[in-house]
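Please load the model in your viewer and keep the selection tool at hand. The tour goes from the whole chain to single residues, and each stop says what to select and what is there.

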Amino acid sequence: MLVVGFPAQAFGTNCYVVAPAAGEQCVVVDPGIGVVDRLDEVLAQHRLRPAAVMLTHGHLDHTFSVAPVCGARGITAWIHPDDRELLADPAKALSMDLTAMFGGRLPYAEPDDVAELKDGAVLSLAGLEITVDHAPGHTGGSVMFRLPGADGEPTCFSGDVLFRDGIGRTDLPGGSDALMAASLRDKVLTLADETVVLPGHGPSTTIGRERAHNPWLRGLGSPGPRRGL
């Protein structure tokens with residue numbers, strides 16, 4: 001499996017391109033702010049053809065470029081229904097301070113073709129088998145994507161649910177401490193230690209490392225860094 005990740009121009013949001021191999025179809029995960037040119041370079045370098053865009057949640061720093069990426073290729077954007085309204089109005093999930101950061105107006109367009117993700121669904125896209133885990137807490141529609149990896153190391157795109165040494169913030173509209181704790185307990189801690197975690201922000205990690213070192217997993221509520229928009 002080929003995975004290429006790079007940070008967006010704003011908020012350090014990781015955009016990922018995932019394919020069975022170079023020269024194949026691929027999926028794009030979380031195309032954030034200012035990623036279009038870099039994404040085009042990655043696609044050309046590896047001779048990849050996007051088949052779909054997968055969104056871990058509806059925050060603007062993960063969805064900003066979804067319309068141009070999908071529209072240029074006539075492909076579908078996938079998102080959980082609990083975050084579906086954020087594709088039409090991303091300001092609903094922002095604090096007043098964040099909305100003001102964009103000057104009160106968000107230069108944003110909704111993609112033409114949107115499909116809904118379901119918890120436990122296994123999607124066959126671009127020659128990949130992608131399992132969807134609904135993991136609310138950062139937003140109501142936050143999800144993680146799991147793929148079987150090479151050499152017995154499965155891969156999890158965790159969005160803003162889990163980071164290296166931290167978790168996603170829960171203080172924005174749609175966030176919930178109780179739901180985040182349940183997601184960490186029922187969706188994250190049940191994964192195998194060798195699972196490679198590719199988060200929405202920051203460096204990669206593994207479930208085993210986070211189980212041992214992440215204060216939010218060790219204590220399910222202990223102080224530690226929270227990140228996200």
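Of the 229 residues in the chain, 51% are buried, where buried means under 20% relative accessible area, exposed over 50% and partly exposed in between, with a 1.4 Å probe and protein chains only. This is a predicted model, in which local features need pLDDT of at least 70 and side-chain atom pairs count only at pLDDT 80 or more, while totals for chains, interfaces and linings use all residues. Residues are numbered from 1 along each chain as its sequence is written, and side-chain values use heavy atoms, with hydrogens and water left out.

Colour the chain by secondary structure, and 8 helices and 15 strands appear; these are DSSP runs, with helices (H or I) of at least four residues and strands (E) of at least two, numbered from the N terminus. Among contacts (heavy atoms within 4.5 Å) between residues at least 6 apart in sequence, 63% join residues at least 24 apart.

**The cores**

Select V17, L39, L48, V53 and V66, the residues with the most contacts inside the largest nonpolar core, which has 23 residues. A nonpolar core is here a set of buried Ala, Val, Leu, Ile, Met, Phe, Trp, Tyr and Cys residues joined through side-chain atoms within 4.5 Å. Two or more residues of this core come from each of strand 1 (2-7), strand 2 (14-19), strand 3 (25-29), helix 1 (36-46), helix 3 (66-71) and strand 5 (76-79). Apart from this core lies another, of 20 residues, and V27, M54, V132 and L198 are among them. In soluble globular proteins, nonpolar side chains tend to be buried together.

Now keep L48 alone and show its surroundings: leaving aside neighbours within four places in sequence, L48 is in contact with L2, V17, A19, A21, A22, G23, E24, C26 and L43.

**M54 and the cavity**

Move to M54, which is found in strand 4 (residues 49-54) and is buried, with a relative accessible area of 1%. Not counting residues up to four places away in sequence, M54 touches V27, V28, V29, D30, W78, L117, L123, L125, I130 and F145. A distance label between the C-alpha atoms of M54 and T76 should read 8.6 Å, although these two are 22 residues apart in sequence.

Where is the largest cavity, and which residues line it? Select V18, V27, V29, M54, I130, F145, L147 and F157, which form its lining; strand 3 and strand 9 (143-147) are the elements that give two or more residues to it. The structure holds 1 cavity of 30 Å³ or more, and the largest has a volume of about 40 Å³. On a 1 Å grid over the protein atoms alone, a cavity is a set of points where a 1.4 Å probe fits but cannot get out, and lining residues have an atom within 4 Å of a point; grid points are joined across faces, edges and corners, and the volume is the space filled by probe spheres set on them.

**Rings**

From F157, add Y16 to the selection: both residues are buried. Their ring centres are 5.2 Å apart and their planes stand at 70 degrees, so the pair is edge-to-face. Rings of Phe, Tyr and Trp (its six-membered ring) pair if their centres lie within 6.5 Å, with planes under 30 degrees apart counted as stacked, over 60 as edge-to-face and the rest as tilted. Because Y16 lies in strand 2 and F157 in strand 10 (residues 155-159), the pair ties together parts that are 141 residues apart in sequence.

Next select R38 and F6, where the charged end of R38 sits over the ring of F6, 5.5 Å from its centre; the rule asks for NZ of Lys or CZ of Arg within 6 Å of the ring centre and within 35 degrees of the ring normal.

**Loops and backbone**

Most residues other than glycine have a negative phi. F11, in the loop between strand 1 and strand 2, has a positive phi of about 70 degrees and is partly exposed at 33% relative accessible area. D30, in the loop between strand 3 and helix 1, has a positive phi of about 60 degrees, yet D30 counts as buried at 2% relative accessibility.

Finish at S65, in the loop between helix 2 (60-63) and helix 3, which counts as buried at 3% relative accessibility. Leaving aside neighbours within four places in sequence, S65 is in contact with P31, G32, I33, G34, V35 and V36.

Key
On a 1 Å grid over the protein atoms alone, a cavity is a set of points where a 1.4 Å probe fits but cannot get out, and a pocket is an open set with protein on both sides within 12 Å along at least five of seven lines; lining residues have an atom within 4 Å of a point.
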